Every structure is written in structure tokens, then in C-alpha cells.
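Work through the exercises below with the sequence and the 3D structure open. Each task is followed by a solution in steps.

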Amino acid sequence: MAEDFNASKPIYLQLADRINRQILRKELETGQKLPSVREMAIQSGVNPNTVQRTYSELERMGSVESKRGQGTFVTEDQYVLNELRQRLKKEQISSFFEDMKEMGFTEDEMVSGLKEYISGEERGGTND
Amino acid sequence: MRSGVEQMIEFNQVTKKYRSQAALNDFSLTLPHGKIIGLVGENGSGKSTVLKLISGLISPTKGSVTVDGEPATRKISSRVSYLSELDAYYTFYTVGETVDYYKSLYSDFNQSKAEEILDYMKLDRSKKVKDLSKGNRGRLKIAVTLAREVPVILMDEPLSGLDPMVRDSIVKGLLSFMDYEKQTLIITTHEIKEIEPILDMVVLIKDGTLLKVEEVEELRIEQNVSIVEWMKQVYQDGGMGK
């Protein structure tokens with residue numbers, strides 16, 4: 001988890017994105033307590049005020065809840081988690097779609113290309 | 001700068017001359033509490049002079065420097081912990097003796113914190129300072145500087161000349177052991193990439209004058225630039241305008 005951050009994009013959003021993905025992958029389970037701000041700062045090598053900002057942002061998004069005096073926890077609200085999942089899916093698809101369109105691919109080419117990729121024909125050995 | 005934040009370190013129209021050469025020129029700057037601040041600029045731009053003035057090691061030729069409203073004279077060392085660019089310990093001491101020595105110098109020195117940092121940095125207490133690698137001497141300096149319970153910690157080039165592994169352990173060490181609710185940390189460095197994720201603010205100086213002060217995350221949000229990119233831009237503009 002010691003990957004570098006992109007130094008020209010807001011770190012608080014990059015960290016929020018990482019944590020959201022961990023929640024969706026269930027590396028962080030519903031109701032689980034997130035590391036304290038200091039622990040998270042040390043783990044990810046970023047400024048503690050940035051981590052605080054990340055936690056506030058995640059709270060605003062609904063993926064975590066802070067309980068007074070106890071810390072920050074992954075939400076147990078399945079509806080919110082499902083929405084998060086759908087939103088991230090949509091964001092990813094939309095950026096894929098815009099990139100492909102910019103390069104002049106048709107919608108059919110995108111769909112068939114994606115299907116081929118998934119069925120493994122074009123996929124190299126490095127998928128994760 | 002945000003209002004309501006108590007201002008802690010203040011430079012008021014400071015000029016510092018060494019013989020006839022000005023190292024700082026009509027330099028004014030106010031820095032708040034509880035931040036990690038990077039002081040950046042070319043070689044010879046006056047970074048070390050700024051730190052030495054805050055620590056009271058040198059005094060301004062003109063103008064004033066204050067910490068919490070108090071003039072930064074030699075007495076200010078009770079509030080300021082300063083890590084020099086140079087090696088500042090006796091090489092015939094062991095690591096353990098160096099810690100004891102610092103403890104005898106400063107009443108605010110927290111021995112148990114120093115021990116924790118030594119463990120974290122994996123420093124052998126029985127080893128003589130002269131037998132330590134350059135990296136471990138760098139770590140030892142960090143340990144004794146961070147172990148003081150003072151509101152201001154100054155570090156002049158703590159990463160300079162150290163390999164990436166050591167630099168990483170020092171950056172993590174700063175995050176682990178600094179009391180960021182009570183302490184302000186000011187670092188001068190050329191290793192900006194390593195330090196930038198942990199900075200709150202960056203202060204850019206050139207030829208002894210202040211070019212700009214920015215909140216680092218705001219640079220990324222508003223201008224989509226890293227500190228290095230921003231520095232280049234500001235240097236090109238000569239620091240004029242926004």
C-alpha cells in the first residue's frame with residue numbers, strides 16, 4: 001500500500017479513492033474501524049491533515065461514518081455501499097468511453113472490443 | 001492564510017548581511033502553528049539563514065524575528081529544536097551516550113521518546129558514532145532532534161546525501177514521532193519529491209527574498225501542479241503576480 005501518489009493531483013482524493021476501492025473489494029469490511037488519522041498518515045506516507053480531509057470526504061460520500069470519540073468506521077448501510085459501487089463503475093466506464101471516442105472508435109467497436117478482452121483473447125498474462 | 005490560526009513564527013522586514021553580502025533582504029513571513037512546512041529554493045537562496053534566525057543562532061541585521069511573540073535570541077532554544085546541516089555530536093560517544101548528552105543539554109528532552117525512535121530507526125546504542133554509516137548518523141540526528149518536546153522543530157537538509165531507503169525511513173519517522181497537534185516542523189530540502197506528500201505548506205525563496213507561500217494541497221486542487229512544477233513556474237515568472 002506504499003504506492004506513490006500522483007504529485008500533481010489532490011492527495012486527499014487519491015487516498016479516498018484507494019479506501020473506497022478497499023471497501024468494495026471487502027479488504028475493509030462493513031462496520032470495520034479505519035486506522036486512526038496518525039496510523040493512516042504513517043501507513044500511506046502522507047500529511048495527517050490530508051488524511052483528516054480524506055476521512056471527511058469519505059464521510060460526505062457516505063462510505064464511512066465517524067463515531068464521536070471512537071473513530072471512523074466503514075458504513076454498514078448496504079444501500080450506500082451499492083450506490084458507491086454503481087457510481088465508481090459509471091465513472092470508470094465513462095472515462096473509458098470518452099477516451100475511446102476521442103480516438104475515433106465506434107460504439108460497436110468498443111462493445112465488441114471489451115467483450116473480446118474479457119473473454120481473454122486479447123488479454124496478456126498480467127491481468128489482476 | 002486562514003484567520004483564527006494563532007501565528008507562531010514571524011519575520012518582520014528582516015535583512016541579514018554576512019559582512020557586506022545580504023543573505024536575506026527585507027524578508028517578511030508569518031507561519032502558523034501545527035504545520036509541516038517545506039522551505040525550498042536554489043542553493044544560496046537563504047534557506048539555512050531563515051532557519052538559523054528562527055533558532056536564534058544568528059540575529060538579524062535589520063528587522064525582527066519572533067517565535068510566539070518572543071524575540072528569537074539564543075534563549076529561544078528552549079522553544080526551538082534545530083537540526084544542523086552539519087554533524088553536531090561527538091564522534092567518540094556511543095549512540096546511547098549521545099542521547100544522554102542531549103538529555104543533559106535540554107530539560108525538555110524526552111528520553112523514552114528518544115529510545116522509541118532509536119528502536120524504530122534500528123540504531124544500536126552501544127555503537128560509537130564514528131563507526132556509524134552516514135545513513136545511521138543521519139537517523140541519529142533525527143532521533144535527538146525529534147525527542148525534544150518543543151513547539152518548533154527545524155531541520156536543515158535532513159535528507160541530503162542519504163540513500164532512498166534511509167530517506168524513506170526518515171520521512172516515516174517524522175510522521176510517526178512528530179506531535180503534529182503541538183509542533184511545527186520546518187524542513188529545508190532539495191529532495192522535494194520525497195517530502196511533498198507530508199507537507200502542509202511550502203515557502204519558496206530566491207536570492208534572499210520571499211517569492212511565495214502556498215498550501216500544498218491547494219496547489220494540487222487549484223492548479224494541478226506538483227511542488228516542483230510550481231517552483232519552475234514561479235521561478236520563470238520571477239515570482240510576480242499569481
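## A salt bridge between chains

Arg53(A) is partly exposed, with a relative accessible area of 32%. The model is a predicted one.

**Exercise 1.** Find the salt-bridge partner of Arg53(A) and state which helices the pair joins.

*Solution.*
1. The partner of Arg53(A) is Glu218(B), and their closest N and O atoms are 3.3 Å apart.
2. Glu218(B) belongs to helix α7 of chain B and Arg53(A) to helix α3 of chain A, so this salt bridge connects two chains.
3. Glu218(B) has a relative accessible area of 21%, which makes it partly exposed.
4. Over all chains, the structure contains 15 salt bridges.

**Exercise 2.** Describe the salt bridge between Glu57(A) and Arg60(A), and say for each residue whether it is buried or exposed.

*Solution.*
1. The closest N and O atoms of Glu57(A) and Arg60(A) are 2.8 Å apart.
2. Both residues lie in helix α3 of chain A, 3 residues apart, so about one helical turn separates them.
3. An α-helix has 3.6 residues a turn, so residues three or four places apart point the same way.
4. Buried means under 20% relative accessible area and exposed means over 50%.
5. Glu57(A), at 13%, is therefore buried, while Arg60(A), at 62%, is exposed.

**Exercise 3.** Locate the two residues of the salt bridge between Asp108(B) and Arg148(B).

*Solution.*
1. In this pair the closest N and O atoms are 2.7 Å apart.
2. Asp108(B) is in the loop between α2 and α3 of chain B, and Arg148(B) is in the loop between α4 and β7 of chain B.
3. The two residues are 40 residues apart, so the pair links distant parts of the chain.
4. Asp108(B) is buried at 16% relative accessibility, and Arg148(B) is buried at 2%.

## Strands and helices of chain B

**Exercise 4.** Determine how β3(B) is enclosed and which strands pair with it.

*Solution.*
1. Of the 5 residues of β3(B), residues 36-40, 5 are buried, so the strand is largely enclosed by the rest of the structure.
2. One side carries Ile36(B), Gly38(B) and Val40(B), and the other carries Ile37(B) and Leu39(B).
3. β3(B) runs parallel to β8(B), residues 184-188, and 4 bridges join them.
4. β3(B) also pairs in the parallel sense with β9(B), residues 201-206, over 4 bridges.
5. Ile37(B) has Ile186(B) as its bridge partner in β8(B) and stands opposite Met201(B) in β9(B).

**Exercise 5.** Follow β9(B) into its hairpin with β10(B).

*Solution.*
1. The two strands run antiparallel and are joined by 6 bridges.
2. Lys206(B) has Thr209(B) as its bridge partner in β10(B).
3. The hairpin has 2 residues between its strands, and Asp207(B) in the turn has a positive phi of about 45 degrees.

**Exercise 6.** Identify the buried side of α8(B) and what covers it.

*Solution.*
1. The buried residues in α8(B), residues 227-237, include Ile227(B), Trp230(B), Met231(B), Val234(B) and Tyr235(B).
2. Around the axis they span an arc of only 130 degrees, so they are on the same side of α8(B).
3. Exposed Lys232(B) and Gln236(B) are on the face turned away from that buried side.
4. Among the elements that cover the buried residues of α8(B) are β3, β9 and α7 of chain B.

How values were computed: Residues numbered from 1 in each chain as written. Chains lettered and ligands numbered in written order. Predicted model: local features only at pLDDT ≥ 70, side-chain atom pairs only at ≥ 80, totals over all residues. Heavy atoms only, no water. Buried < 20%, exposed > 50% of the residue type's maximum accessible area, 1.4 Å probe, protein only. Pairing = 2+ DSSP bridges. Arc of directions from axis to C-beta. Contact = heavy atoms within 4.5 Å. Salt bridge = Lys/Arg side-chain N within 4 Å of Asp/Glu carboxyl O.
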